[in-house]
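Dear colleague,

Please find the structure below, together with its sequence. My notes on selected parts of it follow.

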Amino acid sequence: MRQLIIKEKESGQRLDRYLGKYLDQAPKSFLYKMLRKKNITLNGRKADGSEKLDPGDEIKLFLSEETLGKFCRGQEMPETGFDKVPLEIVYEDQDVLLINKPVGMLSQKAEKEDVSLCEYLIDYLLEKGELTQEDLRTFRPGVCNRLDRNTSGLVAAGKTLHGLQELSRCFKDRTIHKYYLAAVKGRIEKPAHIKGFLWKREQENKSQILKTQRKGSQPIETKYVPLSRTGDATLLQVELLTGRSHQIRSHLASIGHPVLGDWKYGEKKINERIKAQYGVTSQLLHAWKLEFPQKEQGLARLAGKTFTAELPEGFQRAAREEGLL
């Protein structure tokens, strides 16, 4: 018999989903059969799997060690041996972390061998003692908004299931306002609210902006306000109203104002100059600010609060020399 006690970070999920993570090699039919036969109980009573788990709930698995070993084999423990990177924490509480992601770091894995912000996050919580290897069988902290590898700035992560669920809800409902800073080609005089349709060309990992909808395209909206201008460059505050892949970079490029340093959507000649003068090899685009709604209840500690992330050194240097800061 094995006894499991539900921790705060795991609470809020259904019993059957929790069991599916813990006994991750077991078919669902096996889990429901064990529940029906009371070989798996919740707080000493028969359960059907739909129950929501609370902190302190007790699950008993009346299964042999051979069966447990057979069905608990698939959990992947976090990678070890990668270079440690100190995370720049902008805000942290018991449920949520806001991190200033550096240029060059993936938000989430693209390939199995990748080391992303998620792995650094798990490593950070393991070192703090807020997470254990055993916890990772049934819960993994993770990020709730993604930035391109070469875009820096604020990423929101959930330390607990509650934090993940509530952050994900806020981003899905668009109650969190997301603002970016972008240095772009050209002189922009007035604020604008631009719309279009984004079509992802998967083989090239590149997005195209269309004026009319096409099958497979998604509607997009982007607002921007010029903050400063020079002869042929502008620093914009960009508000992302829809969050599509490469939206800001492709949308601004489509109206003739590509982000400086963007080798996928920008202009090669300008990017080569930026690289030669300032050593900048990535787009000057930074997820600068997150504003939480005044009446946020699920994450009450964050209600009405605004958080900003400092610009990376390369962005600051280039923007100052260009006369934008």
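Helix 5 is followed by arginine 174, whose phi is positive, near 60°. Helices (H or I, at least four residues) and strands (E, at least two) are DSSP runs, numbered from the N terminus. This is a predicted model, in which local features need pLDDT of at least 70 and side-chain atom pairs count only at pLDDT 80 or more, while totals for chains, interfaces and linings use all residues. Residues are numbered from 1 along each chain as its sequence is written, and side-chain values use heavy atoms, with hydrogens and water left out.

Helix 5 itself covers residues 161-173. Its 13 residues should span 18 Å at 1.5 Å a residue (the expected span is 1.5 Å times one less than the number of residues), and this agrees with its end C-alpha atoms, which are 18 Å apart. Among its buried residues are Leu161, Leu164, Leu167 and Phe171; buried means under 20% relative accessible area, exposed over 50%, and partly exposed in between (1.4 Å probe, protein chains only). The buried residues of helix 5 pack against several strands, including strand 5 (96-101), strand 7 (152-158) and strand 13 (285-291), where contact means heavy atoms within 4.5 Å.

Strand 12 (residues 233-240) is largely enclosed by the rest of the structure, because 8 of its 8 residues are buried. In a regular strand the side chains alternate between the two faces of the sheet. In strand 12, Ala233, Leu235, Gln237 and Glu239 point one way, and Thr234, Leu236, Val238 and Leu240 the other way. Strand 12 pairs antiparallel with strand 8 over 7 bridges (two strands pair if DSSP finds at least two bridges between them), and leucine 235 is the bridge partner of alanine 183. Strand 11 (residues 218-229) is also joined to strand 12 by 7 bridges, again antiparallel, and a hairpin connects the two through 3 residues.

Finally, which residue lies nearest to aspartate 57 among side chains of opposite charge? That residue is arginine 45, 7.2 Å away, and aspartate 57 is buried without a salt bridge. Lys and Arg count as positive and Asp and Glu as negative, with His and the chain ends not counted; a salt bridge is a side-chain nitrogen of Lys or Arg within 4 Å of a carboxyl oxygen of Asp or Glu. Aspartate 57 is found in the loop between strand 2 (40-42) and strand 3 (58-61), and the residues it touches include Leu4, Ile6 and Lys52.

Yours sincerely

Definitions and conventions: Lists of a residue's contacts leave out its neighbours within four places in sequence.
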